[in-house]
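Here are some notes for a first look at this structure. Please read them with the model open beside you.

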Amino acid sequence: VMNGFEATSFIRRKLNLTLPIIALTADVTTADLEKCKASGMNDYIPKPVDEDMLHAKIISLVRNPLSIFQIDNKTEKPELKITYTNLKYLNHRTKSDPTLMMEMISLFLLQTPPIIHAMKKGLEEKDWELLYSAAHKIIPSFSIAGISKDYENTAKRIQEYASNPDTDTDITALVLEIEQVARGSCMELEHEYNLLKSKKVVQE
């Protein structure tokens, strides 16, 4: 008789339980994330579910129960080593507009997991058309986030293989590399989103 937000609120405020709760949301928007935060959820994943991302989220919460939403309430922000994304590039693309930057990050977080899911499905089912399409879609996403051209080239190699699957290429390794980059980029951009959100709250 409850939706996810009501159930989480009940678990937190009535049952006083601190078990980790991950939201499954169809839309990664500012309003949606605020509802997750307000109800007491620890984290979220977008639909369709990426099993590897879900696993990584669970491991992260088990090892470090600090919610990504709780980061906003800390006076000292935890450091995150930036490995994949170029935030200066993203800042340049948005002309230092924090609202636009948050929108672009939200778009990346919304679109990237389904693309990776499609890429893995294409490889698993040997659906080369699906694999080609997914690799094609990931390239502009990587560009927006300032991800190294090397990984864009990896995506192009996946496209080339999908066009000619008889070539001598370790396609599995290439797809796994792109998946790792995408997952790491999402974590970095989630962190940046929360920092931007925190700064906006202070300014307002």
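1. **A residue in the last helix.** Start with H191, which counts as buried at 13% relative accessibility, because the cut-off for buried is under 20%. H191 sits in helix 8. Its C-alpha lies 10.0 Å from that of I82, although H191 and I82 are 109 residues apart in sequence. Bear in mind that this is a predicted model.

2. **The overall plan.** How many helices and strands does the protein have? There are eight helices and two strands. Read from the N terminus, the elements go α-β-α-β-α-α-α-α-α-α. The chain of the protein has 204 residues, and 40% of them count as buried. Take the contacts between residues at least 6 apart in sequence: 64% of them join residues at least 24 apart. The accessible surface is about 11800 Å². Carbon and sulfur atoms account for 53% of that surface.

3. **E190, beside H191 in the numbering.** Is E190 buried or exposed? E190 has 9% relative accessibility, so it counts as buried. E190 belongs to helix 8, which covers residues 171–203. Which residues does E190 touch, once neighbours within four places in sequence are set aside? The contacts are Y44, K57 and L109.

4. **D52 and its surroundings.** D52 is part of helix 3, residues 51–63. D52 has a relative accessible area of 29% and is therefore partly exposed. Setting aside neighbours within four places in sequence, D52 is in contact with K120, E179 and R183. H117 is another residue to check here. D52 and H117 are 65 residues apart in sequence, with 9.4 Å between their C-alpha atoms.

5. **Cavities.** A search of the whole structure turns up four cavities of 30 Å³ or more. The second largest cavity holds about 70 Å³ of space. D52 appears again in its lining. The full lining is D50, D52, M53, T112, P113, I116, E179, A182, R183 and C186. E179 and R183 are thus in the lining, and both are also contacts of D52.

6. **Who supplies the lining.** Which helices each give at least two residues to the lining of the second largest cavity? They are helix 3, helix 5 (98–124) and helix 8. Helix 8 has the largest share, with four residues. By character, the lining of this cavity has five nonpolar residues, one polar residue and four charged residues.

7. **Aromatic pairs.** A pair of aromatic rings is described by the distance of the centres and the angle of the planes. There are two aromatic pairs in the count. One of them joins W128 and Y161, whose ring centres are 5.5 Å apart. Their planes stand at 80 degrees, so the pair is edge-to-face. The cut-off for edge-to-face is over 60 degrees.

8. **What that pair connects.** W128 is in helix 6 (residues 128–144), and Y161 is in helix 7 (residues 149–163). The pair therefore ties together parts that are 33 residues apart in sequence. How exposed are the two partners? W128 is partly exposed, with a relative accessible area of 22%. Y161 counts as buried, at 10% relative accessibility.

9. **Positive phi in two loops.** Most residues other than glycine have a negative phi. N16 has a positive phi, near 55 degrees, and N16 is not a glycine. N16 lies in the loop between helix 1 (4–13) and strand 1 (22–25). N16 counts as exposed, with 58% relative accessibility. K126 also has a positive phi, about 55 degrees, and is not a glycine. Where is K126? K126 is in the loop between helix 5 and helix 6. With a relative accessible area of 61%, K126 is exposed.

10. **Points to revisit.** Return to helix 8 when you go through the model again. Helix 8 holds E190 and H191. Helix 8 also gives four residues to the lining of the second largest cavity. Then look at both loop residues, N16 and K126. End with the ring pair of W128 and Y161, which is edge-to-face.

Key
Residues numbered from 1 in each chain as written. Predicted model: local features only at pLDDT ≥ 70, side-chain atom pairs only at ≥ 80, totals over all residues. Heavy atoms only, no water. Buried < 20%, exposed > 50% of the residue type's maximum accessible area, 1.4 Å probe, protein only. Contact = heavy atoms within 4.5 Å. Phe/Tyr/Trp six-rings, centres within 6.5 Å; stacked < 30°, edge-to-face > 60°. 1 Å grid on protein atoms, 1.4 Å probe; cavity = no way out; pocket = protein on both sides within 12 Å on 5 of 7 lines; lining within 4 Å. Points joined across faces, edges and corners; volume = space filled by probe spheres on them. Nonpolar A, V, L, I, M, F, W, Y, C, P; charged D, E, K, R; others polar. Areas by Shrake-Rupley, 256 points an atom, 1.4 Å probe, with all protein chains shown as cover.
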